[in-house]
Amino acid sequence: MPRFAATILTGCLLMTLFPAQAAWFEASGHAVIVNGDKEQARRNATEDALRQAMLFAGASVKSVQMLANGLLQDEQLEIRTTGEVNQLELIDEIYHDGMVTVNVRADIFAQKTTCASADYQKRLVTSWFTLRDQRQGALGGIEDIGKALPLQLKQAFRKSAQHVRLTSIDTRYIQHGGTPSEASLMARRMNGQYVLLAQVDDISSQEADTPSWQFWADTPPRRQAAITFSLYDGQQGELLWQQGYATDAPWEFDRYSTVDINSQTLWSSAYGQAVTRMLQTAAQDIDEFLACQPAYGRVLHVTNQTLQIDLGERDGLSVGDELTLFQLRQFYTPGGQLQQQYRLHPHRVRITEVFANTANARAGDDTLLGNIQPNDFVARR
């Protein structure tokens, strides 16, 4: 994957005092030049610089690639945009020791997400990605690439996500498109709020077309990478979102060699970088989709009128936050359809103490919290 670092500078402190105003940000992105492809390295470094600036400003990173492409194509090194980014400028680019450093300046007007649950980090869990056709992994011996892809996705969330943490990876192949009950069991077993399952649809390769008169040329084959992601509500098991992503890149390795799926050799190659960028796009889309979804937690313990819940500081909880209590009952109709029944508690609870992964709550007016039991739910919507 491309190596990069970023330095963020603000021209003034008005952003802190008056968050509704725009502010200028400068950021530096670094990327390795692979196989002499300076243009791709420049694009990677520019995207990373823009992403860091926008994340720091609290803006959406959804359009980073589009903005980067516009910036790269503009001869005046400056473009005008709408929405959260008013203006972008490419300050300079420096090539040294096989790397490129790109410095950008952006005038960012961050539009704060208005839903209450956007302040909370959602806990996402996943498993090894299933490979639809094992035979496609024969080239390079990467039949087990589904074990490495979730680790790369976790890095993508850590790098780009504002509302989601990928907290756990189940070291099993969970069948893509499973039943709602399977997703719910997985969420409960791994303490996740949302479940992400994925299938690798295509990692086939195709020989490059080489003119007959260039018989001496050894052009590497192009390899596909296509993944379908399915996102489930961990409490109900309901399928919330599904989307496929695809890319391709040269497979530069010897046809008869085995490539370590966890090696830097793979992930710093052209193919590894293309897959990494695809996973970053998926992480950003999932992060944006879950931003305003409810933040769920469970009641761990009930003592007198105090509840202990499995949400804490790492999830974005603060003293004084108010949550809704509810019980969830699942049952099957005579026709075999799974139904959900919610029973809301008439009173909300207020957070009184916050720890890293847990918190204590009481009813705001000391109302009796009758019938509340461990494994009941709390939510902020």
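**Figure 1. Packing of helix α4 against helix α7 in the predicted model**. Helix α4, residues 145-160, and helix α7, residues 270-290, pack with their axes 9 Å apart and at an angle of about 55°. The two helices are therefore oblique to each other, and their crossing is right-handed. On the α4 side, the contact comprises Leu 149, Gln 152, Leu 153, Ala 156, Phe 157, Lys 159 and Ser 160. These residues meet Val 275, Thr 276, Leu 279, Gln 280, Ala 283, Gln 284 and Ile 286 of α7. Divided by character, the residues of this contact are eight nonpolar, five polar and one charged.

**Figure 2. Glu 288 in helix α7 and its approach to Ala 118**. Glu 288 belongs to helix α7, the helix that packs against α4. Its relative accessible area is 42%, so Glu 288 is partly exposed. Along the sequence, Glu 288 and Ala 118 are 170 residues apart. In space, the C-alpha to C-alpha separation of Glu 288 and Ala 118 is 9.7 Å.

**Figure 3. Ala 138 in the loop that precedes helix α4**. Ala 138 is located in the loop between β7, residues 130-131, and α4. The relative accessible area of Ala 138 is 51%, and the residue is therefore exposed, the cut-off being over 50%. Ala 138 and Ser 204 are 66 residues apart in sequence. Their C-alpha atoms are 9.3 Å apart in space.

**Figure 4. The buried residue Asp 170 in strand β8**. Strand β8 spans residues 164-173 and contains Asp 170. With a relative accessible area of 9%, Asp 170 falls under the 20% cut-off and is therefore buried. When residues up to four places away in sequence are not counted, Asp 170 touches Thr 126, Ser 127 and Trp 128, together with Met 186, Arg 189 and Met 190.

**Figure 5. Gly 98 in the loop between β4 and β5**. This loop lies between β4, residues 85-96, and β5, residues 99-108. Gly 98 has a relative accessibility of 40% and so counts as partly exposed. Leaving aside neighbours within four places in sequence, the contacts of Gly 98 are with Ala 31, Val 32 and Ile 33. For Gly 98 and Ala 31, a sequence separation of 67 residues accompanies a C-alpha to C-alpha distance of 8.8 Å.

**Figure 6. Positive phi at Asn 35 and Asn 375**. Most residues other than glycine have a negative phi. Asn 35, although not a glycine, has a positive phi of about 50°. Asn 35 is found in the loop between β2, residues 23-32, and α2, residues 38-57. Asn 35 counts as exposed, with a relative accessibility of 60%. Asn 375 is likewise not a glycine, and its positive phi is about 80°. The loop that holds Asn 375 lies between β18, residues 359-363, and β19, residues 377-380. Asn 375 is partly exposed, at a relative accessible area of 37%.

**Figure 7. Arg 350 in strand β17 and its spatial relation to Glu 322**. Arg 350 is found in strand β17, residues 349-354. Its relative accessibility of 35% places Arg 350 among residues that count as partly exposed. Arg 350 and Glu 322 are 28 residues apart along the chain, while their C-alpha atoms are separated by 4.5 Å.

**Figure 8. Stretches with pLDDT below 50 and the surrounding protein**. The mean pLDDT of the protein is 80, and 76% of its residues reach 70 or more. Over residues 1-21 the pLDDT is below 50, and this stretch has 46 contacts in the model beyond near neighbours in sequence. Residues 74-83 also stay under 50 in pLDDT; for them the model has 19 contacts beyond four places in sequence. The protein as a whole has seven helices and 19 strands. Of its 381 residues, 48% count as buried. Among contacts between residues at least 6 apart in sequence, 68% join residues at least 24 apart.

How values were computed: Residues are numbered from 1 along each chain as its sequence is written. This is a predicted model: local features need pLDDT of at least 70, side-chain atom pairs count only at pLDDT 80 or more; totals for chains, interfaces and linings use all residues. Side-chain values use heavy atoms; hydrogens and water are left out. Axes are lines fitted to C-alpha atoms, for helices over the stretch in contact, and angles run from 0 to 180 degrees between N-to-C directions. Helices (H or I, at least four residues) and strands (E, at least two) are DSSP runs, numbered from the N terminus. Angles under 35 degrees count as roughly parallel, over 145 as roughly antiparallel, 65 to 115 as roughly perpendicular and the rest as oblique. A crossing is left-handed if the near helix is turned anticlockwise from the far one by less than a right angle, and right-handed if clockwise. Contact means heavy atoms within 4.5 Å. Ala, Val, Leu, Ile, Met, Phe, Trp, Tyr, Cys and Pro count as nonpolar, Asp, Glu, Lys and Arg as charged, and the others, Gly among them, as polar. pLDDT is the predictor's confidence in each residue, from 0 to 100. Buried means under 20% relative accessible area, exposed over 50%, partly exposed in between (1.4 Å probe, protein chains only).
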